[in-house]
Structures are given as C-alpha cells and as structure tokens.
Amino acid sequence: VAVYDIERRNLAITDPNDRTRVLPVGRQGSTGVEVTAGWRPTARLRGDLQLAYTDAQFDEFFETVGTTVVSRAGNRPANVPKWVAGAQLAWDATSTLQLLADWRHVGQRYGNTANTVFERGYHLLGLGLRWQAAAGLDVGLRVNNATDRTYAATVGPNLVVLGARRSVSASVDRKC
C-alpha cells in the first residue's frame, strides 16, 4: 500500500492545444493511494491485483485564452485518470506450460486544462503462454489488446492518439 500527497511548484506542462508550447503552472497537487495484492491459492495458480486512485488538480494555474486570463485552479491535468486498475492471472497448466491473462482499466481522462474535453475509460485484455521447451529454454507468445478494442491512449482538445491495436509477439529466452 502506498499513500501520497505531492505538491509540485513552478511546474511546466505541455500545452494540450499545441504540443510545441510549454505552459507554466504555479502549483499542482496530487493525493492518492495505490494498493497491490497477490495471492497463490494453489501451487499452480497465481494472481495479482493493482488499484490506484489519484486526485490530481491544478492548485494555482492561470492560462491565457485568446486575450483573457482564466484560472484553471481545481481542474484535473489532461490525461490523468482518477482510477487505474489491473489484474494478472498465471496458471501452470503443466510442469512446462504456463497460461497467462491480464486486464487493465484506465479511467476517464480530460483532454484539456479547462476539463471540457474528455474520453471515457477503457479496458484492455492481454493473453499469453510460456512453454519451457528444454532446460533453460523458454518460448513465449503474447497477444496484447486481445479484444482489439479501439481506445484513446492520449486525449487532446483537437487530437486523439489511438492506442495500439491487437498485436502478437513471440519470444525465446535462453538461460545460460
């Protein structure tokens, strides 16, 4: 378990409207808690859970909009979700084959400092397997975003950057 209360002063952030500009922020605060737990109900089954809550806000931030100076104090910084959660499950199907699954949730995020543009949260599922082909030789296969969900990895007022589509990767690990 981790509990935190962070205040940053004289902070500069990338302008969500123009990625080539930097905006000076007087103060930004974040308060939150992160919890991680793992369990092994049997010798062949392992699970892990993570949950994080972050209450982030601009404490002191004046932004020029056109010719007007607007206070963004109390607003949430762009692309900072309140909730992030995850879970992993690993099952040793045999002495040489392990099946893996993981789930990740990212909560709603704002795409601008005014908090008028937002993207709903998303969930991603990953699947994998690891096979011990020989002593010291493991072969892995992983499917990221197994459901091929379309989601916004980054949100801006005029641009949304989509997250990675379904992808498959393979690996070979040799221990000497």
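These are my notebook entries on a predicted model of one protein.

**Entry 1: overall build**

I began with the secondary structure, and I recorded zero helices and 14 strands in the protein. Reading along the sequence, I met one strand after another, in the pattern β-β-β-β-β-β-β-β-β-β-β-β-β-β.

I then looked up the dimensions. The C-alpha trace spans about 70 × 30 × 30 Å along its principal axes. For the radius of gyration I noted 21 Å, where a compact globule of 176 residues would have a value near 16 Å.

**Entry 2: burial, surface and charge**

I asked what share of the 176 residues is buried. The figure I noted is 28%. The protein exposes about 10900 Å², and carbon and sulfur atoms supply 56% of that area.

I also looked up the charged side chains, and I found 21 positive and 16 negative. The centres of these two sets lie 6 Å apart.

For contacts between residues at least 6 apart in sequence, I recorded that 50% join residues at least 24 apart.

**Entry 3: Asn 145**

I turned next to Asn 145, which I located in the loop between strand E11 (137–144) and strand E12 (152–155). Is this residue buried or exposed? I entered Asn 145 as buried because its relative accessible area is 6%, under the 20% cut-off.

I followed its side chain to two backbone atoms. The side chain of Asn 145 reaches the backbone nitrogen of Arg 149 at 2.9 Å. It also reaches the backbone oxygen of Ala 164, at 3.0 Å.

Leaving aside neighbours within four places in sequence, I listed the contacts of Asn 145 as Leu 124, Leu 125, Tyr 151, Ala 164, Arg 165 and Arg 166. Ala 164 thus appears in my notes both as a contact of Asn 145 and as the owner of a backbone oxygen that the Asn 145 side chain reaches.

I noted the backbone as well: phi of Asn 145 is near 50°, a positive value in a residue other than glycine. Most residues other than glycine have a negative phi.

**Entry 4: Asn 10**

I found a positive phi at Asn 10 too, with a value near 55°. Asn 10 has its place in strand E1 (residues 2–15). I entered Asn 10 as exposed because its relative accessibility is 74%, over the 50% cut-off.

**Entry 5: Ser 30**

I located Ser 30 in strand E2 (residues 18–42). Its relative accessibility is 15%, so I counted Ser 30 as buried.

Which residues does Ser 30 touch, not counting those up to four places away in sequence? I recorded Tyr 4, Asp 5 and Ile 6, together with Thr 54, Asp 55 and Ala 56. Tyr 4, Asp 5 and Ile 6 fall within the residue range 2–15 of strand E1.

**Entry 6: Arg 174**

I closed with Arg 174, which lies in strand E14 (residues 167–174). Arg 174 has a relative accessible area of 56%, so I entered it as exposed.

Not counting residues up to four places away in sequence, Arg 174 touches Ala 135, Gly 136 and Leu 137. With Ala 135 there is also a polar link: the side chain of Arg 174 reaches the backbone oxygen of that residue at 3.4 Å.

I looked up one separation as well. Arg 174 and Thr 116 are 58 residues apart in sequence, and their C-alpha atoms are 51 Å apart in space.

Terms used:
Residues are numbered from 1 along each chain as its sequence is written. This is a predicted model: local features need pLDDT of at least 70, side-chain atom pairs count only at pLDDT 80 or more; totals for chains, interfaces and linings use all residues. Side-chain values use heavy atoms; hydrogens and water are left out. Helices (H or I, at least four residues) and strands (E, at least two) are DSSP runs, numbered from the N terminus. The radius of gyration is taken over C-alpha atoms; the globule rule is 2.2 Å times the number of residues to the power 0.38. Buried means under 20% relative accessible area, exposed over 50%, partly exposed in between (1.4 Å probe, protein chains only). Contact means heavy atoms within 4.5 Å. Accessible areas come from the Shrake-Rupley method with a 1.4 Å probe; for residues, only the protein chains shown count as cover. Lys and Arg count as positive and Asp and Glu as negative; His and the chain ends are not counted. The place of a charge is taken as NZ of Lys, CZ of Arg, CG of Asp or CD of Glu. A polar contact is a pair of N or O atoms within 3.5 Å; within protein, one must be able to donate a hydrogen and the other to accept it, and residues adjacent in sequence count only if both atoms are side-chain atoms.
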